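User: Could you pick one position in this protein and take me through it slowly, then work outwards to what surrounds it? I work at the bench, so plain words are welcome.

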Amino acid sequence: MGEVSIRAMTEADADDVLRIYQAGLDTGQASFEIDAPSWEKFNTGRLPGHRHVAELDGRVVGWVAVSAVSPRPVYAGVVEHSVYVDPGVRGKGVGVALLRALFVSTEAAGIWTIQSGVFPENTASLRLHERTGFRVIGTRERVGRHGDHGWRDVLLLERRSRVAGI
């Protein structure tokens with residue numbers, strides 16, 4: 001297996017990004033969503049400049065992207081992220097590489113907080129986020145219904161920049 005490389009996500013990556021997204025959704029542990037959106041909806045909802053893909057042996061094996069949490073100027077430095085890794089390469093450092101690239105792009109843009117919601121049962125995601133400097137700041141109990149899973153809690157995670165927003 002080769003080395004993971006990170007680059008900016010482009011429209012040419014749409015099929016791979018949405019395939020990886022759907023694989024994560026199919027686990028029932030990644031999101032309240034059941035189906036990956038269209039590329040148009042995905043593209044519209046994510047901030048440019050903070051969308052990256054991971055390549056391994058010439059193929060896209062993961063992605064990370066952020067969305068604004070609010071249109072209010074006071075929250076301009078706060079984003080919510082998603083990170084998804086192809087099931088065949090989980091545990092090989094792809095998620096860490098993607099998040100490190102995200103930290104570089106967001107801090108360069110003055111973003112001081114990256115947050116995310118993770119199901120408590122998604123222990124792999126929780127370990128990844130802890131390894132990369134995120135902390136659990138609270139639990140949103142029974143925040144939403146998730147198909148056959150019923151009511152689900154969501155842990156709210158955040159990573160505060162030591163560079164931006166100081």
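Analyst:
**Ile 114 and its surroundings**

In this predicted model, Ile 114 is found in strand S5. Is Ile 114 buried or exposed? Residues under 20% relative accessible area count as buried, and Ile 114, at 2%, is therefore buried.

Which residues touch Ile 114, once neighbours within four places in sequence are left aside? The contacts are Val 79, His 81, Leu 102, Phe 103, Thr 106, Phe 134, Leu 157, Glu 158 and Arg 159. Val 79 is a good one to find on your screen: it is 35 residues from Ile 114 along the chain, yet their C-alpha atoms are separated by 5.1 Å. For a contrast elsewhere in the model, try Trp 39 and Gly 91, which are 52 residues apart in sequence and 27 Å apart in space, again C-alpha to C-alpha.

Next, follow two of those contacts to another residue. His 81 and Phe 134 touch Ile 114, and both are also in contact with Leu 99. Beyond its neighbours within four places, Leu 99 also meets Val 64, Val 83, Leu 128, His 129 and Thr 132.

Leu 99 leads us to the nonpolar interior. The largest nonpolar core has 23 residues, and Leu 99 and Val 94 have the most contacts inside it. Elements giving two or more residues to this core are S2, S3, S4, H3, S5, H4 and S7, so the strand that carries Ile 114 is on that list. Helix H3 supplies the largest share, 6 residues. Apart from this core lies another one, of 14 residues, with Val 17, Leu 18, Val 53 and Trp 63 among them. Two of those names, Val 17 and Leu 18, also turn up among the contacts of Trp 39, along with Met 9, Thr 10, Glu 11 and Ala 14. Trp 39 sits in helix H2 (residues 39-45) and counts as buried, at 14% relative accessibility.

Back to Leu 99, two of whose contacts are Leu 128 and His 129. Both are buried residues of helix H4 (residues 123-131), together with Ser 125 and Leu 126. On which side of H4 do these four lie? They cover an arc of only 160 degrees around the axis, which means that they are on the same side of the helix. Glu 130 and Arg 131, on the other side, are exposed. The cover over the buried residues of H4 includes S4, helix H3 (94-108), strand S5 (113-118) and strand S7 (151-160), so our starting strand is part of that cover. Just after H4, Gly 133 takes a positive phi of about 95 degrees.

Charged pairs come next. Side chains of opposite charge can pair when their charged atoms come close. The structure holds 8 salt bridges, and one of them links S7 to the loop between S5 and H4. There the side chains of Arg 152 and Glu 121 meet, at 3.1 Å from N to O. Arg 152 lies in strand S7 and Glu 121 in the loop, 31 residues apart. The partners sit in unlike settings: Arg 152 is buried, at 4% relative accessible area, while Glu 121 is partly exposed, at 47%.

Another pair joins Arg 59 and Asp 86, at 3.8 Å from N to O. Arg 59 belongs to strand S3 and Asp 86 to the loop between S4 and H3, with their positions 27 residues apart in the chain. Asp 86 is buried, at 8%, whereas Arg 59 is partly exposed, at 41%. Both also belong to a network, joined with Asp 16 and Arg 19 through salt bridges that share partners. A further pair is Arg 7 with Asp 13, whose closest N and O atoms are 2.6 Å apart. Here Asp 13 is buried, at 4%, and Arg 7 is partly exposed, at 29%.

Finally, the outside. Val 69, Val 74 and Tyr 75 form a nonpolar surface patch with about 240 Å² of accessible area together. Val 69, in the loop between strand S3 (59-68) and strand S4 (78-85), is partly exposed at 34%. So one isoleucine in S5 that is buried at 2% has taken us from the interior out to this patch.

Terms used: Residues numbered from 1 in each chain as written. Predicted model: local features only at pLDDT ≥ 70, side-chain atom pairs only at ≥ 80, totals over all residues. Heavy atoms only, no water. Patch = residues over 30% accessible without salt bridge, like charges linked within 9 Å, V, L, I, M, F, W, Y side chains within 5 Å. Areas by Shrake-Rupley, 256 points an atom, 1.4 Å probe, with all protein chains shown as cover. Salt bridge = Lys/Arg side-chain N within 4 Å of Asp/Glu carboxyl O. Buried < 20%, exposed > 50% of the residue type's maximum accessible area, 1.4 Å probe, protein only. Arc of directions from axis to C-beta. Contact = heavy atoms within 4.5 Å. Core = buried A, V, L, I, M, F, W, Y, C linked by side-chain atoms within 4.5 Å.
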